[in-house]
Amino acid sequence: MAKNGQWQLSAEAAELYERYVARYILGPWAPLLVDAAGLAARECALDVACGTGVVARIAAERVGPGGRVVGLDLNPGMIAVARSLPAPVGAPIEWLERSAVDLLLPDASFDVVLCQQGLQFFPDKLVALREMRRVLVHGGRLALSVWNSTGLYNTAVGEALARFVGDAAATKFCASRQVPAKNELQCLTTEAGFSDVEVRVNRLDTHLPRLDRFILDHLAGTPVAPFIAAADPEARKQIGASVTKQLQRYADGDGVAYPEETHVLTAQVR
């Protein structure tokens, strides 16, 4: 992934990203995105901005051993972690370090393109969407998702970062939620040459473990990790306490369960 500019992580941060972000925040949504694409056995699928590969691994299971899956991400740390994880039962996965705006893949070589929470980071969204269309066969499908709002948890963390670390850290953390609105998504995808563009809202409860422990581990797997490492121990403690207090009404055992929404866009190549 890239940041609205660049979402780059160190190798260590990419491992933490897999452990906390992919597992708890993105993982529960991944099967829903693959469902939206309607993947079938023996199809070829491309996961753009694959991160550590949660969507690609589910896609590999769906298309089976007769299919093909490629996971592509600009961040070498993400690709390294993706390659290190156990291979799923199903299609082999090829992991590529590439940019979404220059896929360097043949025309009409995939049945499906998937992109979970990546579009908001691309420096040129229209070019990236045109690249996705270029590599799809006639009749091929696109399924991508972007958040519907900053969200309860991210808002609470952003406010805590601004208060106890600084505005720069808060802005950097919340960049992943600076997403195109529904109408912009539809217009961009249509301009890129897709047909049958549809955007709908999916809702899910996100379950996080004990927040005062989870938050700092989560932040260590994001681009704000250097800010957190440089903060004094009391500031780090206050971040956890502040977010825990703000989300206390969503308490669920030792952790929280709060509602979240994402836009899911589907489209076809005619």
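## A charge over a ring

Let's start with a small detail: Arg177 lies over the face of Trp147, at 3.8 Å from the ring centre. Keep in mind as you look around that this is a predicted model.

## Strand E8 and its partners

Now find strand E8, which covers residues 255-268. How many of its 14 residues are buried? The count is 11, so this strand is mostly covered.

Three other strands can be followed from E8. Strand E6 (residues 195-208) pairs with E8 in the antiparallel sense, over 12 bridges. To locate this pairing on your screen, look for Arg203, which stands opposite Glu261 in E8. Strand E5 (residues 136-147) also pairs with E8 in the antiparallel sense, here over 7 bridges. In this case you can look for Arg141, whose bridge partner in E8 is Gln268.

Strand E7 takes in residues 251-252, and 2 bridges join E7 to E8, again antiparallel. Asp252 stands opposite Gly255 in E8. Together E7 and E8 make a hairpin, with 2 residues between the strands. One residue in the turn, Gly253, has a positive phi of about 65 degrees. While you have strands in view, here is a handy rule: in a regular strand, side chains alternate between the two faces of the sheet.

## Aromatic rings that meet

How many aromatic pairs does the structure hold? There are 5. Take Tyr20 and Phe214: their ring centres are 5.8 Å apart and their planes stand at 75 degrees, so the pair is edge-to-face. This pair links distant parts of the chain, with Tyr20 in helix H1 (residues 11-26) and Phe214 in helix H9 (residues 211-219), 194 residues apart. Both Tyr20 and Phe214 are buried.

Compare that with Tyr153 and Tyr258. Why does this pair count as stacked? The ring planes are at 20 degrees, with the centres 6.1 Å apart, and planes under 30 degrees apart count as stacked. Tyr153 lies in helix H6 (residues 152-164) and Tyr258 in strand E8, so the pair ties together parts that are 105 residues apart in sequence. Tyr153 is buried, at 0% relative accessible area, and Tyr258 is buried too, at 1%. Tyr20, Tyr24, Tyr153, Phe214 and Tyr258 form one aromatic cluster.

## Helix H6

Helix H6, the home of Tyr153, has 13 residues. From its first C-alpha to its last, H6 reaches 18 Å, close to the 18 Å expected at 1.5 Å a residue. Which residues of H6 are buried? They are Tyr153, Asn154, Ala156, Val157, Gly158, Ala160 and Leu161. As you look at them, remember that an α-helix has 3.6 residues a turn, so residues three or four places apart point the same way. After H6 comes Gly166, with a positive phi near 145 degrees.

## Val70 and its surroundings

Val70 sits in strand E2 (residues 68-73). Is Val70 buried or exposed? With 0% relative accessibility, Val70 counts as buried. Setting aside neighbours within four places in sequence, Val70 is in contact with Ala45, Leu46, Asp47, Glu94, Leu96 and Phe110. Phe122, in turn, is 52 residues from Val70 in sequence and 19 Å away in space, C-alpha to C-alpha.

## Cysteines without partners

How many disulfides does a search of the whole structure find? The result is 0. Cys44, for instance, is in no disulfide, and the nearest cysteine sulfur, that of Cys50, is 17 Å away. Cys44 counts as partly exposed, at 22% relative accessibility.

Cys187 gives another example. Its sulfur is 18 Å from the closest cysteine sulfur, in Cys115, which is too far for a bond. Cys187 is exposed, with a relative accessible area of 52%.

## Positive phi outside glycine

Two further residues deserve a look for their backbone angles. Ala49 has a phi near 60 degrees, a positive value in a residue other than glycine. You will find Ala49 in the loop between strand E1 (44-48) and helix H3 (54-63), and it is buried, with a relative accessible area of 8%.

Leu104 also has a positive phi, about 55 degrees, although it is not a glycine. The loop holding Leu104 runs between strand E3 (93-97) and strand E4 (110-116). Leu104 counts as exposed, at 56% relative accessibility.

How values were computed:
Residues are numbered from 1 along each chain as its sequence is written. This is a predicted model: local features need pLDDT of at least 70, side-chain atom pairs count only at pLDDT 80 or more; totals for chains, interfaces and linings use all residues. Side-chain values use heavy atoms; hydrogens and water are left out. Buried means under 20% relative accessible area, exposed over 50%, partly exposed in between (1.4 Å probe, protein chains only). Helices (H or I, at least four residues) and strands (E, at least two) are DSSP runs, numbered from the N terminus. Two strands pair if DSSP finds at least two bridges between them. Rings of Phe, Tyr and Trp (its six-membered ring) pair if their centres lie within 6.5 Å; planes under 30 degrees apart count as stacked, over 60 as edge-to-face and the rest as tilted. A charge sits over a ring if NZ of Lys or CZ of Arg is within 6 Å of the ring centre and within 35 degrees of the ring normal. Contact means heavy atoms within 4.5 Å. A disulfide is a pair of cysteine sulfur atoms within 2.5 Å. The expected span of a helix is 1.5 Å times one less than its number of residues.
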